[in-house]
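Biologist: Please take a close look at one single part of this model for me. I'm new to this, so keep it plain.

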Amino acid sequence: GAEVTADWVGRFLDAYRVELAAWVDAALGGKPEAPSAWDGHLATVAAEAGVASLHSGARVVIDAGERPGLYDA
């Protein structure tokens with residue numbers, strides 16, 4: 001087990017460091033990356049499934065559908 005801090009920042013500090021380091025490396029390399037519209041779609045689908053699960057009390061399967069080819073560029 002590990003200590004779980006009451007402050008959410010402490011729980012995610014390592015993840016934030018890794019994410020920021022990856023962004024800095026990409027920016028320095030001239031290829032900064034950012035979330036795409038597809039990422040937004042996936043977040044929305046997951047959130048909708050979470051709300052449906054809260055209302056029904058049951059597990060809800062997340063189906064994002066096929067990723068359109070326009071995101072492969």
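**A look at helix H2**

Modeller: Let's start with what sticks out: in helix H2, Ala37, Leu54 and His55 are exposed (exposed is over 50% relative accessible area, buried is under 20% and partly exposed is in between, with a 1.4 Å probe and protein chains only). Keep in mind that this is a predicted model, where local features need pLDDT of at least 70, side-chain atom pairs count only at pLDDT 80 or more, and totals for chains, interfaces and linings use all residues. Residues are numbered from 1 along each chain as its sequence is written, and side-chain values use heavy atoms, leaving out hydrogens and water.

H2 covers residues 37-56, 20 residues in total (helices are DSSP runs of H or I, at least four residues, numbered from the N terminus). From first C-alpha to last, H2 reaches 28 Å, close to the 28 Å expected at 1.5 Å a residue (that's 1.5 Å times one less than the number of residues).

Now for the hidden part: Trp38, Val45 and Ala49 are buried in H2. Looking down the axis of H2, the buried residues fall within an arc of 35°, so they line one face of the helix (the arc is that of the directions from the helix axis to the C-beta atoms). The exposed Ala37, Leu54 and His55 are on the other side.

What about the ends? At the start of H2, Ser36 has a side-chain oxygen within 3.2 Å of the backbone nitrogen of Trp38. Just after H2 comes Gly57, with a positive phi of about 75°.

Note on methods. Helices (H or I, at least four residues) and strands (E, at least two) are DSSP runs, numbered from the N terminus. A polar contact is a pair of N or O atoms within 3.5 Å; within protein, one must be able to donate a hydrogen and the other to accept it, and residues adjacent in sequence count only if both atoms are side-chain atoms.
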